[in-house]
Amino acid sequence: MFLSVFDVFKIGIGPSSSHTMGPMSAANRFLALILSNEWPRPAGAQVASLKVSLHGSLAFTGIGHGTGRAVILGLMGEEPASVDPDRMDEIIAEVERTGRVTPPGHPPYQFQPKTDLIFDKKQPLPGHANGMSFSALDRDGRLLLKRIYYSIGGGFVVTDTELEAMRTPQKSSGDARVPYPFSTAKQMLEMARGSGLTIAQMKRANEETKISAAELNAGLDRIWDAMKSCIDRGLKVEGIMPGGLKVKRRAKAIHDKLNEEWRSNRLNPLLANDWLSVYAMAVNEENAGGGRVVTAPTNGAAGVIPATVRYYLHFHEDATPEDIRNFLLTAAAVGGIIKHNASISGAEVGCQGEVGSAAAMAAAGLAAVMGGSPEQIENAAEIALEHHLGMTCDPVAGLVQVPCIERNALGAVKAVTAASLAIKGDGTHFVPLDACIETMRQTGNDMSEKYKETSTGGLAVNVVEC
Ligand code: SF4
């Protein structure tokens, strides 16, 4: 198994990696397929119009998560990493006004969002809770091409056949093309012992089979810059978040108060928690506002890792860029193991898979830069994940706001606590990380669909919307 650090950390837009970035990428994949010669068609057949239907969780919470908007943007050729958040409304308005999409390199296609984009809450697709069907038709409305895509969390998109293939391989088969092909925490620890390398060094060696050291460092620095800019923007902006819940942004006001306390040397026994929380909330408020964020490992959980890194930097002024790279590489190693053996998708296993995974990754990264051994790092990840087990996904009104924003703050606090506990031990502990990941997978399988990003249970039905 090889999952690049750049697959785990992807620069994109809010509010959701599975419901916004994934569908936008799926639309781009379908457009690329239309242009390719990889599908049979009658001689002279021309695509004239497109239709899209969204199923399962994408249908239930797609409006709150901006899924329809993401599909329209994707059909206009916009991609998550490069779309300009300030131009999105304008692009969507143009499609609604003209009833067609005009992706670069293609002829215009008829696409009227009101009728050609269906939120189908009745018929889930069989492969995954986040299913999408894209169809291309000729001018007489005859179907020429149809593809099913699934958005499987963290912005990853696969076809139904790719999904099938992913589920077929043996669980613990490694990837012989990289020097340290660990796919479980046990293998990771054995390889660390055998090689004498840290987890970050092994992950780096794996990455450097695909790209140069300079490219890897530049990419990691870009990821951190994007995370840092997201925090900085979130700490400056005030007002109400979009979507109709009228939830106020709070990060700026809290940050102003913390700065005042810091400057006046006022004693604050909650100092660490407050700084962690404000950084995480800044990111998730940006995400809720549709701003530029980094999946870590998803958008809904995007605040935990940046908050933990920023917190570390706040209290360690001597930290170097290499520390941040090691943090991200270690976190990505743990995230890859979780994704491979369970899930990072709230629609598949609930919020334990999103904020729980993010906390495990952040705890691992922090333990690494605090000098933890591979065993202590694995212990840190396990503690953080264990205490998110069973956590459901029940966003109010289908928006990634309540409970998501505060939940990231609490995830960061748990991550730091987990790293601290692990560093004070010797790495030996009762529950292995692999057992914890497997528990998360089984718990997710047993969880009612109501609690898997459908907004049909939990807080989503018990909080009165004003
Ligand atoms: S509750 Fe958790 S999993 Fe669900 S949308 Fe919010 S952050 Fe994502």
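Visitor: Which residues are around the ligand?
Guide: This is a predicted model. Here a residue counts if one of its heavy atoms lies within 4 Å of the ligand. The residues that qualify are Gly 300, Cys 351, Glu 354, Cys 393, Cys 404 and Arg 407.

Visitor: How do the residues of that shell divide into nonpolar, polar and charged?
Guide: Cys counts as nonpolar, Gly as polar, and Glu and Arg as charged. Cys 351, Cys 393 and Cys 404 are in the shell, along with Gly 300, Glu 354 and Arg 407. The division is therefore three nonpolar, one polar and two charged.

Visitor: Which cavity is the space taken by the ligand?
Guide: Cavities are found over the protein atoms alone, so the ligand does not fill its own space in the search. The space the ligand takes is the largest cavity.

Visitor: How far apart are the centres of domain 1 and domain 2?
Guide: The assignment puts domain 1 at 17–167 and domain 2 at 185–462. Centres are taken over C-alpha atoms. The separation is 30 Å.

Visitor: What area is buried between domain 1 and domain 2?
Guide: In contact are 24 residues of domain 1 and 21 residues of domain 2. Carbon and sulfur atoms give 55% of the buried area. The total is about 1,500 Å².

Visitor: Which residue forms a salt bridge with Glu 348?
Guide: The count between the two domains is one salt bridge. The cut-off is 4 Å. The closest N and O atoms are 3.9 Å apart, and the partner of Glu 348 is Arg 167.

How values were computed. Residues are numbered from 1 along each chain as its sequence is written. This is a predicted model: local features need pLDDT of at least 70, side-chain atom pairs count only at pLDDT 80 or more; totals for chains, interfaces and linings use all residues. Side-chain values use heavy atoms; hydrogens and water are left out. On a 1 Å grid over the protein atoms alone, a cavity is a set of points where a 1.4 Å probe fits but cannot get out, and a pocket is an open set with protein on both sides within 12 Å along at least five of seven lines; lining residues have an atom within 4 Å of a point. A molecule sits in a cavity or pocket if more than half of its atoms lie within 2 Å of its grid points. Domain bounds come from an automatic or database domain assignment. Contact means heavy atoms within 4.5 Å. Buried area is the accessible area (1.4 Å probe) that two parts lose on being put together, summed over both. A salt bridge is a side-chain nitrogen of Lys or Arg within 4 Å of a carboxyl oxygen of Asp or Glu.
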